[in-house]
Amino acid sequence: MSPINKDDLLNVAIEAALAASNLVMEASDRPRVANHKGITDLVTETDLKSEKTIKAIIRSFYKDHTILAEETGQDTNISDYLWIIDPLDGTTNFVHGYPSFAISIGLFYKNEPLVAVVVEMPNMRMYTAIKGQGAWCEGKNINCSDTKSLERSLLVTGFGYEHGENWDNNMNLFKQFTDDTQGVRRLGAAAVDICHVAKGVADGFWEYDLKPWDTAAGILIAKEAGCMVTDLSGNQFDINDNNILITNGHIHQNMVNNIERYLN
Ligand code: IPD
Ligand code: CA
Ligand code: CA
């Protein structure tokens with residue numbers, strides 16, 4: 001049981017996410033200059049400013065908590081509380097002005113997700129969750145879909161920046177699932193994709209090569225909305241796993257069976 005009240009923790013996460021999302025939205029109207037972390041892996045001044053803002057707000061409340069953030073890594077604090085931050089999920093979309101990007105803040109207590117916030121932009125929808133209490137979008141309770149079969153499902157996936165073996169596997173899976181379902185979407189912001197499954201507007205999400213900050217908030221929002229969350233083999237998901245499968249539960253095993261054929 002966390003000694004700090006969960007609502008208080010969530011309120012800090014919300015304050016940080018809203019400050020950062022306002023900053024990102026203001027920047028989205030100005031020219032956006034990207035630097036390259038890899039050939040296709042972009043970072044902008046806005047990623048850095050957003051991260052600085054989120055960290056400063058969390059630090060102003062909880063100076064001893066550990067923070068792991070995409071652009072600056074993990075600090076040296078040793079604490080049961082671990083904040084995992086993606087200051088701008090979907091940077092490539094942000095740079096091009098494509099309308100799907102997000103702020104993602106997940107708080108773990110003793111290695112278990114405790115509270116989470118994702119702000120989807122540019123439509124400014126806030127998804128929140130508290131362990132054991134539920135998941136919400138704009139304050140309204142959300143639940144995953146009740147779609148029973150793969151044939152009736154709409155799926156979503158993403159492709160990481162490494163164009164290696166997993167990339168090829170995912171291309172094959174993309175084709176397979178496009179054949180077997182009502183469609184597969186590829187929007188480019190994993191945190192948003194996961195929230196869409198939690199909200200029931202998509203039935204399943206899978207991806208290879210993700211990092212903890214892509215999934216830290218989303219997994220709690222998804223679980224609290226009734227989703228099943230595993231790795232791509234159907235085993236229990238650990239935040240350090242780099243592949244993930246999130247579904248409404250009904251289609252999970254069928255997806256695992258298909259994915260099995262393309263796992264290395
Ligand atoms: C990326 C997005 C994308 C996913 C990549 C991530 P970033 O995050 O979530 O949807 O396919 O694997 O790295 O770099 O924009 O924060
Ligand atoms: Ca990300
Ligand atoms: Ca990012």
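Here are short questions and answers on a predicted model and its ligand.

In this predicted model, local features need pLDDT of at least 70, side-chain atom pairs count only at pLDDT 80 or more, and totals for chains, interfaces and linings use all residues. Residues are numbered from 1 along each chain as its sequence is written, chains are lettered from A and ligands numbered from 1 in the order written, and side-chain values use heavy atoms, without hydrogens and water.

Student: How many residues surround ligand 1?

Tutor: A residue counts if one of its heavy atoms lies within 4 Å of the ligand. Asp-89, Gly-90, Thr-91, Tyr-161 and Glu-207 are the closest. The shell holds 16 residues.

Student: Why does ligand 1 lie between domain 1 and domain 2?

Tutor: The domain bounds come from an automatic or database domain assignment. Ligand 1 lies between the two because both give residues to its shell: domain 1 (6-141) and domain 2 (150-263).

Student: How far is a polar side-chain atom of Glu-207 from an oxygen atom of ligand 1?

Tutor: A polar contact is a pair of N or O atoms within 3.5 Å. For Asp-86, the distance to a ligand oxygen is 3.3 Å. For Glu-207, the distance is 2.6 Å.

Student: Which bond precedes Pro-122, cis or trans?

Tutor: Pro-122 sits in the loop between strand E7 (112-121) and strand E8 (125-130); strands are DSSP runs of at least two residues, numbered from the N terminus. Omega from Met-121 to Pro-122 is near 5 degrees. The peptide bond is cis.

How values were computed. A polar contact is a pair of N or O atoms within 3.5 Å; within protein, one must be able to donate a hydrogen and the other to accept it, and residues adjacent in sequence count only if both atoms are side-chain atoms. Helices (H or I, at least four residues) and strands (E, at least two) are DSSP runs, numbered from the N terminus.
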